[in-house]
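Trainee: I'd like to learn how to read a model like this one, feature by feature. Could we start with the strands and work outward from there?

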Amino acid sequence: MKTERVLHRTRRLWRQCALFSLSMMASLFCGVVSAEVLHEEKSVYRNIFVTEVDGRRCLMFNAIRGERNQTCMDMRNPKEFVFHYARMTMAGLLVNPNPQHILIAGLGGGTLPTALHEMYPDATIDILEIDQAVVNVAKNFFNFQESEQVQTHVVDARVFIKRAGLEGKKYDFIVLDAFTGEYIPEHLMTQEFLEEVKQVLTPDGVVVANTFSSSRLYSYESETYRAVFGDFFNLKMSGSGNRVIIAQQKPLPSMGELKANAQPLFEPLKPYGVDILEFPARMGTRPDWDQTRRVLTDQFSPANLLGR
Amino acid sequence: MTEPRKNRLMQNVIVFCAFLNGFVIMTIELLGGRVLSPYFGTSVYVWGSIITIFMLSLSLGYLWGGRLSSRNPNHATFASFFGLSALLSLPIIFFSEWTMTQVFLRVEDPRYGSLIAATVLYFLPICLMGMVSPYSIRLLVSSEEHSGRMAGLLYFVSTLGSALGTLMTSFYFVLWFEIDTIMWGAIGALLLCGASVAIVHRLPGQATAGVQYHEN
């Protein structure tokens with residue numbers, strides 16, 4: 001009896017081991033083993049996957065190395081921002097609490113423009129997305145909707161902003177979030193590009209850039225932003241590999257102003273899972289990077305090599 | 001200098017120039033993406049434009065270089081290809097911003113904008129660089145029976161140069177230098193080729209086009 005039980009247990013253990021190693025192998029091969037792929041959208045750049053696990057729906061650019069989630073949405077609570085960096089972007093509202101003309105470079109799942117549109121229904125929102133496939137997926141799977149106020153432009157952000165500058169368009173809330181993490185668009189990180197961004201920024205407007213906090217690039221990027229905008233707020237959160245740069249043309253508001261602006265935003269931002277009150281204390285202007293790094297320019301912008 | 005020695009030296013110089021020429025073509029092509037991106041972005045069609053124009057320029061260069069080689073092939077003409085392509089590469093440094101601004105203002109669609117800008121900036125110099133390949137084969141080949149072998153050698157060194165040019169530019173040059181500095185390096189390499197062909201040509205002794213390739 002006893003030996004039989006031991007044998008049985010051993011066999012079960014073996015079976016579990018075999019299952020485990022099989023699933024490990026499977027996950028090595030296809031990465032998205034536990035996630036259900038709802039949809040695969042063809043793209044001229046890289047195919048896009050929509051997955052759903054435990055009610056969390058995600059847009060991914062690479063299913064082979066499945067960890068690259070671009071945007072996720074909790075289907076039971078679709079309003080709430082899943083990622084830190086999306087919440088951190090809202091800190092731009094502390095600098096300009098009442099945006100009227102919003103420009104967003106990089107659509108992702110479209111959760112940010114959707115939230116901004118809900119909060120500011122009268123504001124116009126121009127969204128720049130290089131990949132039509134991303135727009136399709138955002139509309140079909142992430143409840144993103146275009147309207148008279150909210151318009152997407154399938155275009156390279158640099159091209160749109162350069163032309164907008166020539167046409168004299170102005171925006172008072174600009175979000176730069178065109179980075180996939182895999183490949184960094186080097187022409188969207190140079191001094192010349194940021195000068196063009198400044199051209200379309202109103203005097204009271206704010207630029208919010210979602211960038212990297214790790215890798216050598218951090219110092220180069222920080223120096224580049226400082227060369228164009230002077231001092232800026234550096235927002236970092238523990239548990240997030242991102243940092244958000246918040247910059248303005250005019251001198252930055254004081255801590256008191258930030259805190260005062262935070263109060264009335266607390267309730268409206270609550271449904272999105274954003275605790276705006278915790279941001280002001282984390283927004284520093286003191287450089288915490290190597291200030292001897294050179295500024296990135298159109299002539300010198302090896303961002304992808306520095307980002308390794 | 002004895003005639004066979006001079007001929008051998010000239011052959012080596014030609015092979016070396018074909019290598020550098022291949023190197024420089026790919027260096028300029030890779031930088032093309034960076035030159036165009038501030039005006040036309042890095043959408044897939046910007047690379048499409050650049051590669052299209054480079055392929056088109058090279059194909060016509062091969063055709064014209066081949067035709068030219070059938071009429072009195074000589075080393076002076078060969079050297080002038082390099083001098084001229086160096087000269088025609090100068091606008092990429094000095095007039096690219098002006099050129100692209102003009103195109104940007106007139107053409108709304110970045111697909112055609114990048115195609116036009118790439119044509120204006122790259123067609124002539126790359127065409128000249130394309131002429132080098134068939135012309136150098138003509139200068140090396142002396143008999144029908146080893147023409148294939150010479151063509152193979154030329155393809156080998158120039159494509160090897162292209163591979164190295166691509167690797168060095170994308171992995172290291174852009175990290176070490178500014179774009180214009182790399183362009184000056186490319187122009188310097190072309191001038192070096194032209195000068196070394198001209199100098200060897202002027203050495204005492206008769207160098208003839210199309211001689212038996214000596215193996216060591």
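**Reading the fold**

Mentor: In chain A, eight strands make an open sheet with mixed pairing, in the order β7-β6-β5-β8-β9-β11-β10-β12. Pairing here means that DSSP finds at least two bridges between two strands. Helices (H or I, at least four residues) and strands (E, at least two) are DSSP runs, numbered from the N terminus. This is a predicted model, so local features need pLDDT of at least 70 and side-chain atom pairs count only at pLDDT 80 or more, while totals for chains, interfaces and linings use all residues. Residues are numbered from 1 along each chain as its sequence is written, and chains are lettered from A and ligands numbered from 1 in the order in which they are written.

Trainee: Which are the edge strands?

Mentor: They're β7 (150-154) and β12 (283-284) of chain A, each of which pairs on one side only.

Trainee: In what sense do β5(A) and β8(A) pair?

Mentor: The general idea first: strands of a sheet pair through backbone hydrogen bonds, either parallel or antiparallel. Here, β5(A) and β8(A) (residues 171-176) are parallel, with four bridges between them. To find the register, look for Ile102(A), which faces Phe173(A) in β8(A).

Trainee: And how many bridges join β2(A) to β3(A)?

Mentor: Five, and this time β2(A) (residues 48-53) and β3(A) run antiparallel. One place to check is Phe49(A), whose bridge partner in β3(A) is Met60(A). The two strands form a hairpin with two residues between them, and Asp54(A) in that turn has a positive phi of about 45°. Strand β3(A) (residues 56-60) is mostly covered, with four of its five residues buried. Buried means 20 or more other C-beta atoms within 10 Å of a residue's own, exposed means 12 or fewer, and partly exposed is in between, with C-beta atoms placed from the backbone.

Trainee: How many helices and strands does chain A have?

Mentor: Chain A has ten helices and twelve strands. It holds 308 residues, and 43% of them count as buried. Take the contacts in chain A between residues at least 6 apart in sequence: 69% join residues at least 24 apart. Two residues are in contact if their C-beta atoms, placed from the backbone, lie within 7 Å.

Trainee: Can you give me one residue to follow? Is Gly106(A) buried or exposed?

Mentor: Gly106(A) counts as buried because 22 other C-beta atoms lie within 10 Å. You'll find Gly106(A) in the loop between β5 (101-105) and α4 (111-119) of chain A. Leaving out residues up to four places away in sequence, Gly106(A) touches Glu129(A), Asp177(A) and Ala178(A). Gly106(A) and Val175(A) sit 69 residues apart in sequence, yet their C-alpha atoms are 8.3 Å apart in space.

Trainee: What about the sign of phi?

Mentor: Most residues other than glycine have a negative phi, and most peptide bonds are trans. Now look at Asn143(A), where phi is positive, near 60°. Asn143(A) lies in the loop between α5 (132-141) and β7 of chain A, and it is partly exposed, with 15 C-beta neighbours inside 10 Å. In chain B, Asn72(B) also has a positive phi, near 45°. Asn72(B) belongs to the loop between α2 (44-69) and α3 of chain B, and with 8 C-beta neighbours inside 10 Å it counts as exposed.

Trainee: How do I describe packed helices, and at what angle do α3(B) and α7(B) cross?

Mentor: Two packed helices are described by the angle between their axes and the distance between the axes. For α3(B) (residues 75-94) and α7(B) (residues 179-202), the axes come within 8 Å and cross at roughly 165°. Axes are lines fitted to C-alpha atoms, for helices over the stretch in contact, and angles run from 0 to 180 degrees between N-to-C directions. So α3(B) and α7(B) are roughly antiparallel (over 145 degrees; under 35 is roughly parallel, 65 to 115 roughly perpendicular, the rest oblique). Among the contacting residues are Phe78(B) and Phe82(B) of α3(B) and Met183(B) and Leu190(B) of α7(B).

Trainee: Last one: how many residues does each chain put into the contact between A and B?

Mentor: Chain A gives 15 residues and chain B gives 14. On the chain A side, helix α6(A) (residues 157-166) supplies the largest share, three residues.
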